[in-house]
Amino acid sequence: MAALRYAGLDDTDSEDELPPGWEERTTKDGWVYYANHTEEKTQWEHPKTGKRKRVAGDLPYGWEQETDENGQVFFVDHINKRTTYLDPRLAFTVDDNPTKPTTRQRYDGSTTAMEILQGRDFTGKVVLVTGANSGIGFETAKSFALHGAHVILACRNMSRASEAVSRILEEWHKAKVEAMTLDLAVLRSVQHFAEAFKAKNVPLHILVCNAGTFALPWSLTKDGLETTFQVNHLGHFYLVQLLQDVLCRSAPARVIVVSSESHRFTDINDSSGKLDLSRLSLSSSDYWAMLAYNRSKLCNILFSNELHRLLSPRGVTSNALHPGNMMFSAIHRNSWVYKLLFTLARPFTKSMALGCHPVSHHQKNGCTSSVAEPGGQAPWTGSAAEWR
Ligand SMILES: NC(=O)c1ccc[n+]([C@@H]2O[C@H](COP(=O)([O-])OP(=O)(O)OC[C@H]3O[C@@H](n4cnc5c(N)ncnc54)[C@H](OP(=O)(O)O)[C@@H]3O)[C@@H](O)[C@H]2O)c1
């Protein structure tokens, strides 16, 4: 026992108790590390147990995480009007199991986007979400904004977009959110949007191509193309072409295309297996709304895959996803039949918060995550800074 005490590992009530001279701290991303003030060194492993840890859960109510001029994280307790460098969540750490469960085991269909992003800090990241005034797009925009990202809601209707911005600000008054006009059914609008975005001179780390329309009666856009095809696919295709240089300059960056499982129920090849372009923008005589939607969603996936092939060597990756089936958003607004079907299915389908989980999940596991797991040396930030 004396030897243990001499080595600074004296008998304590808790195996987690630190030997004298050691201090427990957290990184911006919630990893716990240990500073030895005698030897002026840091390490990720607990000096007694050898375990690595992370903080669990959110900050207590009224607390906020900030970064000082030296890049060191500190915490503001707004209720008691105090500031500290000690993370209050250190009371509730969890072991970082070296044999981590796979992503599939960690998250499932009942995980919300907020749960996926929990503990992530997107400060400094710029996220653009199309069709962000409602449904999956809104939940996606909100989740990123509440995690510190600068989020741009690209919407065709400015009053609906402004209302969505206000709803996010009601949740967190410091959220960095703004709305810009983008009508995917008008190629000129896409072009104007891209110009306006570039004029802001900001990077683009995450582009979520989410806007979509479903069960529309046949119509042509001003550009002379079938509307579902243009809104769901071609408008996004054009938008990505126009913003490609910004994405590459912002690398690592990511495009996320919200597709649908219904892409399975169609193809765009003719009977001889050759690509049949006439199947994309259908004429009124060949038009069936469900078929047009399915094809546009197939285009989403083919586009995302090809984009990934072309741009991933330049640090821009792309993924397409299926958010879930028959989720009760505004997507059915064009047809009373689908409205009825979606209403009947509602008790058995995902909520919007669950529906946007795949979007945040793709992002979190993507190259643009600002979160680094501890690999190198834990940071040394000098002697322990207490309440200030
Ligand atoms: N809900 C589901 O079950 C489901 C299943 C699989 C895939 N998805 C996909 O998920 C995505 C989001 O759908 P959601 O369910 O969240 O539906 P939603 O609530 O209707 O959202 C669609 C968004 O797209 C916008 N939009 C429509 N036309 C546009 C245009 N011309 N230009 C710009 N924005 C336009 C809408 O704006 P307005 O409000 O102005 O119309 C709205 O913000 C879609 O791509 C959809 O295909 C949904």
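**Close-ups of a predicted model**

**View 1. F75 and its partner across the strands.** Take F75: its bridge partner is T84, which sits in β7. Everything here comes from a predicted model, so keep that in mind as you look around. Strand β6 covers residues 73-77, and 3 bridges join β6 to β7, with the two strands running antiparallel.

**View 2. The sheet around β6.** Step back a little and you'll find an open sheet of 3 strands, ordered β5-β6-β7, with antiparallel pairing. Which strands stand at the edges? They are β5 (63-67) and β7 (82-84); each has a single partner strand, so one side of each has no neighbour in the sheet. On average, neighbouring strands in this sheet are turned by 25° against each other, ignoring direction. As for what holds strands together, the strands of a sheet pair through backbone hydrogen bonds.

**View 3. A185, tucked into a loop.** Look for A185 in the loop that links β11 (176-181) with α6 (187-199). Is A185 buried or exposed? It's buried, because its relative accessible area is 16%, and the cut-off for buried is under 20%. Apart from neighbours within four places in sequence, A185 is in contact with T221, K222, D223, Q230 and V231. Take K222: it is 37 residues from A185 along the chain, yet their C-alpha atoms are separated by 7.6 Å.

**View 4. A nonpolar patch on the surface.** Here M326, W336, V337, L340, L341 and L344 form a nonpolar surface patch, and together they have about 620 Å² of accessible area. One of them, L340, belongs to helix α9, which spans residues 336-345. L340 counts as partly exposed, as its relative accessible area is 47%.

Key: Residues numbered from 1 in each chain as written. Predicted model: local features only at pLDDT ≥ 70, side-chain atom pairs only at ≥ 80, totals over all residues. Heavy atoms only, no water. Patch = residues over 30% accessible without salt bridge, like charges linked within 9 Å, V, L, I, M, F, W, Y side chains within 5 Å. Areas by Shrake-Rupley, 256 points an atom, 1.4 Å probe, with all protein chains shown as cover. Salt bridge = Lys/Arg side-chain N within 4 Å of Asp/Glu carboxyl O. Helix = DSSP H or I, 4+ residues; strand = E, 2+ residues; numbered from the N terminus. Buried < 20%, exposed > 50% of the residue type's maximum accessible area, 1.4 Å probe, protein only. Contact = heavy atoms within 4.5 Å. Pairing = 2+ DSSP bridges. Axes fitted to C-alpha atoms, helices over the stretch in contact; angles between N-to-C directions.
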